[in-house]
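Colleague: I'm new to this one, could you walk me through it?
Modeller: Gladly, let's take it one question at a time.

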Amino acid sequence: MSPPRLTGALRSFSNVSKKEAITEQLYDLKTKRLKRRELFAREGLTWKKIFHLCSEHQDKADQQAASQELKSLLLAAKEIVGTEHGQAAIESAAVFLFETFHNKDHVGTEETRAIKQMFGPFPSSAAEASCACVARLVAPLGDSRVENFIQTLCSRHNPQRSSAFGRNIAFSHDCYALDPLEDLPCSGIHEENTSLDFINFLNSQQSERKASEEEGSSSGRALSSGDGAVLRTEVEKYLDGGNMISSSPEELCTSLFEMLASHKSDDELQNELFELLGPEGLEMISILLQRRAAIVDSLLTIPTDRTSYPPDMSRLISGEVTKPTYGCQVTIQSEQEKQMMKMYRREEKRERKRGKGIEDSDSSDAVLTFDPREMRTQREQALLTARREPVLSRERVYERIRYPNVYDSYAEATKMPAFVGGARLLLPEGIRRENSKMYEEVEIPPTQPMAIGFEEKPVYISELDEIAQLVFKGMKRLNRIQSLVFETAYNTNENLLICAPTGAGKTNIAMLAVLHEIHQHLQPGGVIKKDEFKIIYVAPMKALAAEMTKYFSKRLEPLGITVKELTGDMQLTKGEILRTQMLVTTPEKWDVVTRKSVGDVALSQIVRLLILDEVHLLHEDRGPVLESLVARTIRQVESTQSMIRILGLSATLPNYLDVAAFLHVNPYIGLFFFDSRFRPVPLGQTFVGIKSTNKIQQLHDMEEVCYNKVLEQVKASHQVMVFVHARNATVRTGMALIEMAKNHGETCFFQPDQGPDYGQCEKQIQRSRNKQMKEMFPEGFGIHHAGMLRSDRSLMESMFSKGHLKVLVCTATLAWGVNLPAHAVIIKGTQIYDAKRGALVDLGILDVMQIFGRAGRPQFDKYGEGTIITTHEKLSHYLTLLTQQNPIESQFLDSLADNLNAEIALGTVTNVEEAVKWLSYTYLYVRMRANPLAYGINHKAYQMDPSLELYRKELVVESGRKLDKARMIRFEERTGYYASTDMGRTASHFYIRYNTIETFNELFNSQRTEADILSIVSKAEEFDQLKVRDEEMEELEQLLCNYCELPAAGGVENGYGKINVLLQTYISRGEVDSFSLISDLSYVAQQEVTNRYGLPSLMVWLAWEILSPGTSAFWC
């Protein structure tokens, strides 16, 4: 039945049709914010108030002068803040400058820091102009008047002095007792505000259990109670197994209940529970998830007659009519109270087991009285327990610490619960797979660059000081990575570790650190005290050292700073070293310089900046040299209290935190990690797996796939670099590609453009002695490897950069040494010969990333392309390494004896205790603690000795015994003291290895002839890296016949026989034709000179005086 309609008469006497006059305006959030902003703008110090202050009570001439000064102040503020933010921002900046300089007469350090903190980098001329303007404005007004004016306005605007929110609300402390038996006004509110505090639920469960024992509850209630008790039972069982010792049952129950009561699905919850409980809690996780709903319902549904009450209301529970307490109860307990509660429950269980049957009805509601003496006893017992436990126990860290300058997407992914739960990291979206009969191809598109953050601001060269503008002449601004690092590199003395992709501009970051060091020695008149400092740049290869010398010389020339190369190829006199401010050297050369306790010690004492390029080479054979250098430098800093800044430059590393700890870098300030999203040119990667298992067919298919990839790029007018892993493979691959182009009739795509300077370039090529290079150049192909003459290598680099070569076939030396980018790079094959193992090994992922770093030219390309051609079985291996790099490990154990001998000869280590301390400065120590199993330390030994002091002692004692046996040192094991011998000092100064000394000790005796001595020297470990190549056999035979006066033991087929032939050829001034042999002869001659000067000292210890006079004359 429909309701009755109101008639007009009834309507007139009612409010039904009355329209309310709404006078209040509707406020939206934007309007409120604008009004609030206007209110704050009117308060405090504003530009209008400053204008009014400066112009009131002034005559017309003074007003005009003040107005002019205010305009000048605005112009200075405009220079500092820029024009892109509008007039309001400029006026606010002018107010800030007025407030900063109103009581100052010059721009000091504090003012500079305040302006830089507010606006970032700024022109110093603008700051000085604003300071002068403010001084001229304040002068006629008086300092005291301006000071009072600013203080009054600032204090009025100070938010700390304003009344706190809610201060005007009257609060009543009266308590109202409400009847607990009355129903609450709205039952729904109570359920919504139920606290997830497990202790409340625990109390209710205790009450439930006791009520069920007294009354014999129904089956439905028993089921509910059982479901609620499951959580407690499972938690106690889990903790009794020795897991998560630091957590109490209550804390764990609370955490688990919150997770179970959340809205997450079972799958999501499973990952989170696994992350919390680990693999030991798998059974518990399955039980909790199966009975999740029942557990949550039983704990949330608390019957009103079983609610636990505070003790002071026990009289109300007994029957008196009272009123209920509104709101959820909050229980706050200290750690001691929790422990006492735990002990109380344990005692209660024991009492129940004993079956005394004594039940106190008030016990469930009684208050636990805490006895201070009992709590003190508990505390003392806890301290005794803690004393027996190891100080550095390994606890599970659930959340990775976030460092401000680390941009690592892989680390972010590993924090996800799915990763902890066992899910694999997948390849990026948009990949394309192609599967054919010959190969499988996986193409990964270029990654999107990381979005620019709000706080990121590019650093413009025009905003820097005069010195920086001179050095960075021709550059408009620093790139993104350089701008992020600028403040720390240019304005602090912090040690730095910069991990960034290849080609990201790390060299300019090194330049910023160099300029900071120059600033430290800059006199007020602009004079640089050049004799007070030395800067050392350690480059991994001679070719890179030459390039860096050229770069830094050109940049630092306007400042009058001298940069010289100090390598095996470029020796310097002491006078030249003294006149040089920056030395570019290799790790081995700088190690030799710092090993000598006399002569060069003055050089190492005035070093103020040590730049280590390609720090990620720590995992390779040359890594121990870097470890030795850093350890020696840091010990020098600590012993002499001198300031030597260390800057490490590296490619992207998985364990950058370990390397930062090794370099003594503060990870919150000096650690900068940039992943592939920061590449200057995004990189597209293609992985090709050849399916054939037949070796010959495999090589043929690789050639064909390589040719197709090269042709594809050349047709698109791009240059290509093809990387192979042997010197002779460069010629072979180049010739094979030319042959395939001729067979397919596609040579026209590769031939160089006949530009105006092509004829001149062709003449330069024809002057070279390298016939393969001359043959390939007209076809548009070039070769590059370490066996070529330096002039030929430079010529090839020049031709490629000018665009006359479309394809350059080279070895990995080019990737490590010279910055020569191309649009596309191709790695042909991943098997590389390891001379130490005498077998082929897989190319490392760091080498792959270094080669891929050459893909993409920042000035011309939007993206680069990297292709790796491998076998099908290795395809998944390299794809996995993209998402899961292994941490780099230390190789220092292999060279421990050599480096310990060097420190003993230098005098920095004199006993076992100092040697143990010295080892703690190495990367080996950092990695031994992070990954003890990789270094033969079992987990139990590490737990017993977290600092690994005993293991380090064992290492240095064992090395001491070996050196003592080789007569390089004298080691008194009883007292633990080391003493250097002449042989040990000679080996250290001339860089002769322990294994070589051991060989000499074993083979030398008084009956040896000149031929025997040459044979022994040929077996030195320093020559191990040289191997015999098939194409060299014929020429070696000719050298043996023409230039060798003494028989060469082993013949030309063996490595030491080849060394013997080359040694005699060098002594006889013989000529060599093959370029690989020229390179090897140069290396042998260098080592021979070392041994020639080092051996006479060694022979004193090897009964040299009883050898034949002819032999003595041969070496002297």
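What follows is a short conversation about a few parts of this predicted model.

Colleague: Let's begin with the sheet; which strands stand at its edges?
Modeller: The sheet is open and has eight strands, with mixed pairing, in the order β3-β4-β12-β19-β16-β13-β15-β14. An edge strand has a single partner, so one side of it is left without a neighbour in the sheet. The strands in that position are β3 (432-435) and β14 (781-784).

Colleague: How much does the twist average from one strand to the next?
Modeller: Picture going through the order β3-β4-β12-β19-β16-β13-β15-β14. From one strand to the next, the twist averages 15°.

Colleague: Which residue of β12 is the bridge partner of I444?
Modeller: Strand β4 covers residues 439-444 and strand β12 covers residues 683-690. These two pair in the antiparallel sense, over six bridges. For I444, the bridge partner in β12 is Q685.

Colleague: Helix α34 packs on the sheet, so what angle does its direction make with that of β14?
Modeller: Helix α34 spans residues 790-802 and touches β13 (720-723), β14 and β15 (807-810). Its direction makes an angle with that of β14 of about 140°.

Colleague: And helix α36, which strands does it touch?
Modeller: Helix α36, residues 845-852, also packs on the sheet. Its direction makes about 150° with that of β16. The strands it touches are β12, β13, β16 (824-828) and β19 (864-871).

Colleague: Now for a pair of helices: are α38 and α43 roughly parallel or roughly perpendicular?
Modeller: Helix α38 (residues 896-906) and helix α43 (residues 982-989) have axes 9 Å apart and pack at an angle of about 110°. Angles of 65 to 115 degrees count as roughly perpendicular. That makes the arrangement of α38 to α43 roughly perpendicular.

Colleague: How do the residues of that contact divide into nonpolar, polar and charged?
Modeller: The crossing of α38 and α43 is left-handed. From α38 come N901, A902 and A905, and from α43 come G984, R985, A987 and S988. The contact residues divide into three nonpolar, three polar and one charged.

Colleague: How many residues of α38 are buried?
Modeller: A residue is buried when its relative accessible area is under 20%. Those buried in α38 include L896, D898, E903 and L906. The helix is mostly covered, and its buried residues number 11 of 11.

Colleague: Which residue just after α38 takes a positive phi?
Modeller: The phi there is about 95°. The residue is G907.

Colleague: Is A915 buried or exposed?
Modeller: A915 sits in helix α39 (residues 912-919). Apart from its neighbours within four places in sequence, A915 is in contact with L900, V909, V956 and Y978. Its relative accessibility is 0%, so A915 counts as buried.

Colleague: How many Å apart are A915 and L955, C-alpha to C-alpha?
Modeller: In sequence, A915 and L955 are 40 residues apart. In space, the C-alpha to C-alpha value is 9.5 Å.

Colleague: Last one: is H664, which has a positive phi, partly exposed or buried?
Modeller: H664 is not a glycine, yet has a positive phi of about 60°. H664 lies in the loop between α29 (656-662) and β11 (671-674). With a relative accessible area of 41%, H664 is partly exposed.

Notes: Residues are numbered from 1 along each chain as its sequence is written. This is a predicted model: local features need pLDDT of at least 70, side-chain atom pairs count only at pLDDT 80 or more; totals for chains, interfaces and linings use all residues. Side-chain values use heavy atoms; hydrogens and water are left out. Helices (H or I, at least four residues) and strands (E, at least two) are DSSP runs, numbered from the N terminus. Buried means under 20% relative accessible area, exposed over 50%, partly exposed in between (1.4 Å probe, protein chains only). Axes are lines fitted to C-alpha atoms, for helices over the stretch in contact, and angles run from 0 to 180 degrees between N-to-C directions. Angles under 35 degrees count as roughly parallel, over 145 as roughly antiparallel, 65 to 115 as roughly perpendicular and the rest as oblique. A crossing is left-handed if the near helix is turned anticlockwise from the far one by less than a right angle, and right-handed if clockwise. Contact means heavy atoms within 4.5 Å. Ala, Val, Leu, Ile, Met, Phe, Trp, Tyr, Cys and Pro count as nonpolar, Asp, Glu, Lys and Arg as charged, and the others, Gly among them, as polar. Two strands pair if DSSP finds at least two bridges between them.
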